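Please walk through the model below, beginning at the end of one helix and finishing in the nonpolar core.

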Amino acid sequence: LIDFLDGEDELASILGHELGHIELEHTLYEMRNAVAGKMWQQATGAKDMDSGMTKWIKQGYSVEIEAEADARGIALAAAAGYDPRALIGVLERFRSRTNSYGGANYPVQRAAMAEKAAAALPAPAAEAVAKRTERFRAVRAQMRAAAPSPAPAPKTSSQKKGKKG
């Protein structure tokens with residue numbers, strides 16, 4: 001994720017999105033639905049219902065829940081002094097690389113919805129964003145430089161015996 005993001009404001013927007021899920025109790029909501037579905041199955045003897053939790057684990061949150069987390073994440077990032085428009089750049093870059101905004105359960109108009117949520121919030125000074133972006137890139141470069149080199153591939157049995165090929 002650090003390699004994909006282009007600045008601290010973008011990181012704040014992603015963390016805000018995930019904190020939005022927590023603050024808005026989205027996982028608890030899904031778990032309650034799963035328990036209710038299981039209780040319904042047991043009470044009615046229904047066999048063809050997929051467990052709500054199983055479905056949620058396989059498919060992720062609903063479009064509405066993801067949109068709600070985006071809006072809350074944007075607000076949280078802005079409240080902390082970050083650019084509320086940062087998530088829009090992340091979303092567009094993700095869509096350009098994967099042809100989606102994050103999977104089947106993200107709304108196709110996700111960036112437009114994020115723009116609408118961000119428009120109502122104050123943006124920090126461009127100089128502050130630029131300074132944070134420069135700092136983020138410097139730290140990322142340090143992390144890359146300090147990362148251990150990948151281990152060499154283990155030798156095959158023929159290489160160990162000195163055979164060619």
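In this predicted model, Glu-25 adopts a positive phi of about 55° just after helix H1. H1 itself covers residues 8-23. The helix contains 16 residues and spans 21 Å between its first and last C-alpha, close to the 22 Å expected at 1.5 Å a residue.

The residues of H1 can be sorted by their exposure. Buried positions in this helix are Glu-8, Asp-9, Glu-10, Ala-12, Ser-13, Ile-14, Gly-16, His-17, Gly-20 and His-21. Ile-22 also lies in H1, but Ile-22 is exposed, with a relative accessible area of 63%. Together with Leu-15 and Leu-19, Ile-22 makes a nonpolar surface patch of about 310 Å². An α-helix has 3.6 residues a turn, so residues three or four places apart point the same way.

From the surface, turn to the interior. In soluble globular proteins, nonpolar side chains tend to be buried together. Here the largest nonpolar core has 14 residues, and Leu-5, Leu-87 and Val-90 have the most contacts inside it. Two elements give two or more residues to this core: helix H5 (86-98) and helix H6 (110-119). H5 provides the largest share, four residues.

Leu-5 links this core back to the helix discussed above. Beyond its neighbours within four places in sequence, Leu-5 is in contact with Glu-10, Leu-11 and Ile-14, and also with Val-90, Arg-93, Phe-136 and Arg-140. Of these partners, Glu-10 and Ile-14 are among the buried residues of H1, while Val-90 is, like Leu-5, one of the residues with the most contacts inside the core.

Key
Residues are numbered from 1 along each chain as its sequence is written. This is a predicted model: local features need pLDDT of at least 70, side-chain atom pairs count only at pLDDT 80 or more; totals for chains, interfaces and linings use all residues. Side-chain values use heavy atoms; hydrogens and water are left out. Patches are made of residues with over 30% relative accessible area and no salt bridge: like charges are joined within 9 Å, nonpolar side chains (Val, Leu, Ile, Met, Phe, Trp, Tyr) within 5 Å. Accessible areas come from the Shrake-Rupley method with a 1.4 Å probe; for residues, only the protein chains shown count as cover. A salt bridge is a side-chain nitrogen of Lys or Arg within 4 Å of a carboxyl oxygen of Asp or Glu. Buried means under 20% relative accessible area, exposed over 50%, partly exposed in between (1.4 Å probe, protein chains only). The expected span of a helix is 1.5 Å times one less than its number of residues. A nonpolar core is a set of buried Ala, Val, Leu, Ile, Met, Phe, Trp, Tyr and Cys residues joined through side-chain atoms within 4.5 Å. Contact means heavy atoms within 4.5 Å.
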